[in-house]
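The following exercises concern a single protein structure. Each task is followed by a solution in steps.

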Amino acid sequence: MQLHPMWDAYPNLQTDLKDVLTTIEKSIQIRDKQVEKNVKDLIHAGGKLLRPAYAMLAAQIGPDWDRDRAIAVAGALEVLHMATLIHDDVVDDAPTRRGIPTIHSKYGRNYAVYTGDYLFCICFKILSSHASSVENIEFNSKNIEKILMGELDQMRMRYDIDVTVRQYLSRISGKTAQLFALSTFSGASQSKATRFQVRNAWNIGHYLGMAFQIIDDVLDYTSSDDGLGKPVLNDVKQGVYTLPLIYAMQKHQAEFQPLLEKQLDMSDADLEQLLALIAKYKGVEQAFALADKYTNKALREIKKLPAGAYRDQMYALTSAILKRSI
């Protein structure tokens with residue numbers, strides 16, 4: 001079972017994450033074996049497993065460290081993440097994910113939607129059997145709702161040239177940061193950490209998730225297809241306007257409007273012109289600066305945790321995310 005090479009630097013966590021994937025794979029039993037194979041292929045398609053990794057690390061904050069329980073909770077969170085990716089690909093009509101064809105591009109939208117729904121069920125099944133209290137399950141359910149609302153907000157604001165930085169941040173707070181925060185919160189709460197430590201863990205995940213999504217959006221403007229495993233600038237053509245573009249448009253909307261009005265009909269030349277305008281008005285630099293602020297907030301929160309090897313690993317991992325060398 002191959003993991004992303006970034007985990008070679010964290011051998012203990014590497015072992016934990018392999019067990020997380022094994023737990024997920026054992027839980028995936030779909031009557032249609034071809035779809036089951038595609039879901040399992042997605043599991044092993046090179047995802048970085050950051051959310052389960054943070055859940056595993058946060059599970060060592062409190063005094064009640066239970067590896068089996070932590071692995072199950074981490075597995076449930078990764079399944080939830082996979083479900084949202086499948087649904088997101090359907091909405092975006094994305095042809096690939098992690099370098100492989102998306103489920104809907106191979107089998108149709110109905111298959112993909114039902115597969116995503118199935119994974120939501122698996123998430124709740126794993127989570128409910130290992131949660132320490134009904135209250136915790138209810139909290140997780142509320143936050144899953146916020147994640148889905150973030151997706152709906154993204155749909156609602158498609159092709160909205162007047163989208164603001166505040167609206168963008170609100171959207172990614174639900175869509176991405178919520179799941180990172182849920183990961184660190186779940187790990188800490190399952191370990192019976194103090195209320196202060198659980199809140200601390202939540203903040204770490206939230207700030208990390210905000211930085212992660214901003215940088216991911218920046219990479220859509222600065223990377224090649226090979227680097228991301230997805231079509232570069234696909235978000236723009238789909239009407240999903242992210243931070244580099246929003247910053248660049250703030251006082252120069254008239255220059256962008258003729259290009260953006262073409263929507264899916266934007267040519268390669270149009271995209272090149274768009275990139276030139278974003279570079280001219282420092283959209284990428286401004287977005288990176290905000291990601292840096294969120295990353296530093298996460299690092300400050302990590303320093304508040306009880307000392308231990310887990311905290312050192314969490315700090316190193318979070319620092320690396322800003323560079324996206326992983």
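**Exercise 1.** Determine whether M155 is buried, partly exposed or exposed, and describe its surroundings on the surface.

*Solution.* Step 1: M155 has a relative accessible area of 43%. Buried means under 20% relative accessible area, exposed over 50%, and partly exposed in between (1.4 Å probe, protein chains only). M155 is therefore partly exposed.

Step 2: M155 is found in helix α7; helices (H or I, at least four residues) are DSSP runs, numbered from the N terminus.

Step 3: Together with V91, M149 and L152, M155 forms a nonpolar patch on the surface, with about 340 Å² of accessible area in total. Such areas come from the Shrake-Rupley method with a 1.4 Å probe, and for residues only the protein chains shown count as cover. Patches consist of residues with over 30% relative accessible area and no salt bridge, where nonpolar side chains (Val, Leu, Ile, Met, Phe, Trp, Tyr) are joined within 5 Å and like charges within 9 Å. A salt bridge is a side-chain nitrogen of Lys or Arg within 4 Å of a carboxyl oxygen of Asp or Glu.

Step 4: With three residues, helix α7 (residues 134-156) gives the most to this patch.

The model is predicted: local features need pLDDT of at least 70, side-chain atom pairs count only at pLDDT 80 or more, and totals for chains, interfaces and linings use all residues. Residues are numbered from 1 along each chain as its sequence is written, and side-chain values use heavy atoms, leaving out hydrogens and water.

**Exercise 2.** State where L49 and Q263 lie and whether each is buried or partly exposed.

*Solution.* Step 1: L49 belongs to the loop between α2 (33-43) and α3 (50-58). Although L49 is not a glycine, its phi is positive, at about 60°. L49 counts as buried because its relative accessibility is 6%.

Step 2: Q263 is placed in the loop between α13 (253-260) and α14 (268-280). The phi of Q263, likewise not a glycine, is positive and near 50°. At a relative accessible area of 33%, Q263 is partly exposed.

**Exercise 3.** Explain why C123 forms no disulfide with C121.

*Solution.* Step 1: A disulfide is a covalent bond between the sulfur atoms of two cysteines. The criterion here is a pair of cysteine sulfur atoms within 2.5 Å.

Step 2: The closest cysteine sulfur to that of C123 is in C121, 9.6 Å away, so the two are too far apart for a bond. C123 is buried, at 2% relative accessible area.

Step 3: A search of the whole structure finds zero disulfides.

How values were computed. Helix = DSSP H or I, 4+ residues; strand = E, 2+ residues; numbered from the N terminus.
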